[in-house]
Amino acid sequence: MENVHRPRQPRAREREPERRRAGKSHGGAAEKLTHGVCVLGMHRSGTSLVAGVLRQLGVDLGPDEEFLPPDPNNQSGYFELTELVEISDEILAHHGGTWDELPELPPGWERSDQLAQIRDRARGLLGRRFATSPQWAWKDPRTCITLPFWQRLVSGLRYVICVRNPVDIAHSLRYREGEERPLEEHVLDWLRHTASALVHTADRPRILVHYERFFEDAEREVRRLAGFLGREDRLEEPETMGRISEFIDPALVHARSASRAIADHPAVPFDAAALYLALELAADLEAGAGTGAQEAWASINALARRCLPQSPQA
């Protein structure tokens with residue numbers, strides 16, 4: 001697994017995408033927050049799609065004016081609060097990395113006194129934005145890596161983990177960012193993001209949603225998601241599903257690889273292929289109320305721990 005965990009030196013490039021500075025926040029108390037939902041997944045894995053669906057289901061993601069603006073790569077919007085993204089960027093930078101050049105994180109990094117000021121900002125922002133929300137969520141792929149930091153601020157979170165073929169993610173990132181980085185490096189980043197999200201949500205309320213399933217049977221996936229969040233009542237409003245169907249645009253899918261081909265792909269290490277195929281199976285078992293989902297999760301958790309450097313003990 002050395003090829004998976006080798007450290008890389010950050011390149012001198014702008015953060016993704018260019019960030020506008022948001023004002024610092026010091027008010028509020030994150031400890032008072034309840035009913036929080038965290039959307040997790042690698043960049044280009046469908047986290048924006050899922051966040052948009054959550055919003056249509058009535059989940060509070062924050063005000064539009066504080067989101068990262070849409071751009072040609074994501075015309076429907078990122079649904080990411082700029083200041084939350086900046087906080088995770090600062091955490092990565094503190095450890096010598098960036099969003100696309102992930103740092104190695106030492107054991108217990110999330111408790112470091114050196115992050116005290118960032119921790120206060122994060123606590124204040126969450127409290128200010130969501131303390132009065134009956135149900136709220138945030139989405140930022142960096143959270144897959146920085147999740148232990150956020151879990152110390154908010155308890156009782158529920159997690160939506162987005163799954164997409166890592167080869168398709170790699171192609172999508174190369175289309176957006178250019179072809180400077182080899183396909184394999186994007187796949188390794190997918191493995192790090194996904195393994196981290198799985199390890200740090202083990203034995204917590206979570207649901208797997210597969211990107212492609214939204215385009216194969218949108219209503220089934222949306223109903224699964226609504227049921228997990230206790231938002232089934234919103235789907236009784238006829239216009240809700242209509243708006244969601246318009247939001248889920250199949251024309252946005254520019255890369256789709258056959259699952260069976262991933263095991264033989266030269267850019268995909270064995271562990272990445274194994275983890276993706278196991279997650280795809282688990283997602284299908286969950287969607288079909290299969291009896292093997294619990295056994296699949298036990299194997300997935302073990303594989304994720306093996307793939308993640310310095311992973312916590314179960």
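These are my notebook entries on a predicted model of one protein chain.

**Entry 1: the whole chain**

I began with the overall make-up. The protein chain has 314 residues, and 56% of them count as buried. I looked up the secondary structure next and found 12 helices and 4 strands. Then I checked the contacts with a separation of 6 or more. Residues 24 or more positions apart account for 78% of these. For the surface, I noted an exposed area of about 13900 Å². Carbon and sulfur atoms supply 48% of that area.

**Entry 2: the sheet**

In what order do the strands of the open sheet lie? I read it as E2-E1-E3-E4, with parallel pairing. I marked E2 (136-139) and E4 (206-210) as the edge strands, since each pairs on one side only. From one strand to the next, the twist averages 20°.

I went through the pairings one by one. E1 (residues 36-40) is joined to E2 by 4 bridges, and the two run parallel. Here I found glycine 36 of E1 opposite tryptophan 136 in E2. E1 also has 4 bridges to E3 (residues 158-163), again parallel. On that side I listed three residue pairs. Cysteine 38 has tyrosine 159 as its bridge partner in E3. Valine 39 stands opposite valine 160. Leucine 40 stands opposite isoleucine 161. Isoleucine 161 also stands opposite leucine 208 in E4. E3 and E4 pair in the parallel sense over 5 bridges.

**Entry 3: cover on the strands**

I asked which way the residues of E1 point. Gly36, Cys38 and Leu40 point one way, while Val37 and Val39 point the other way. Both sets are buried. That fits the count for E1: 5 of its 5 residues are buried. I then turned to E3. There, 5 of the 6 residues are buried, so E3 is largely enclosed by the rest of the structure.

**Entry 4: helix H2**

I moved on to H2, which covers residues 47-56. How many of its 10 residues are buried? I found 8, so I noted the helix as mostly covered. The buried residues are Thr47, Ser48, Leu49, Val50, Ala51, Gly52, Val53 and Leu54. After H2 comes glycine 58, and I noted its positive phi, near 95°.

**Entry 5: the nonpolar core**

I looked up the largest nonpolar core and found 93 residues in it. Which residues have the most contacts inside this core? They are Val50, Leu54 and Phe149. Val50 and Leu54 are on my list of buried residues in H2. The largest share of the core, however, comes from helix H7 (residues 183-199), with 8 residues. As a background note, nonpolar side chains tend to be buried together in soluble globular proteins.

I followed phenylalanine 149 further, leaving aside its neighbours within four places in sequence. Its contacts are Ile87, Ile91, Trp109, Glu110, Leu115, Ile118, Arg119 and Ala122. I noted that this list includes Glu110 and Arg119.

**Entry 6: aromatic pairs**

I counted 8 aromatic pairs. One of these joins phenylalanine 130 and tryptophan 136. Their rings are stacked, 4.8 Å centre to centre, with 15° between the planes. I checked the cover on each partner. Phenylalanine 130 has 1% relative accessibility and so counts as buried. Tryptophan 136 is at 0%, so it counts as buried too.

The pair of tryptophan 190 and tyrosine 276 is edge-to-face. Here I read 6.4 Å centre to centre and 70° between the planes. Tryptophan 190 lies in H7 and tyrosine 276 in H11 (residues 270-287), so the pair ties together parts that are 86 residues apart in sequence. Tryptophan 190 is buried, with a relative accessible area of 1%. Tyrosine 276 is buried as well, at 0%.

I also noted one aromatic cluster, formed by Phe130, Trp136, Trp138, Phe149 and Trp150. Phe149 thus turns up in my notes on the core and in this cluster.

**Entry 7: threonine 194**

My last look-up was threonine 194, which is found in H7. Is threonine 194 buried or exposed? At 8% relative accessibility, threonine 194 counts as buried. Leaving aside its neighbours within four places in sequence, I found it in contact with Leu275 and Leu279.

Conventions. Residues numbered from 1 in each chain as written. Predicted model: local features only at pLDDT ≥ 70, side-chain atom pairs only at ≥ 80, totals over all residues. Heavy atoms only, no water. Buried < 20%, exposed > 50% of the residue type's maximum accessible area, 1.4 Å probe, protein only. Contact = heavy atoms within 4.5 Å. Areas by Shrake-Rupley, 256 points an atom, 1.4 Å probe, with all protein chains shown as cover. Pairing = 2+ DSSP bridges. Axes fitted to C-alpha atoms, helices over the stretch in contact; angles between N-to-C directions. Core = buried A, V, L, I, M, F, W, Y, C linked by side-chain atoms within 4.5 Å. Phe/Tyr/Trp six-rings, centres within 6.5 Å; stacked < 30°, edge-to-face > 60°.
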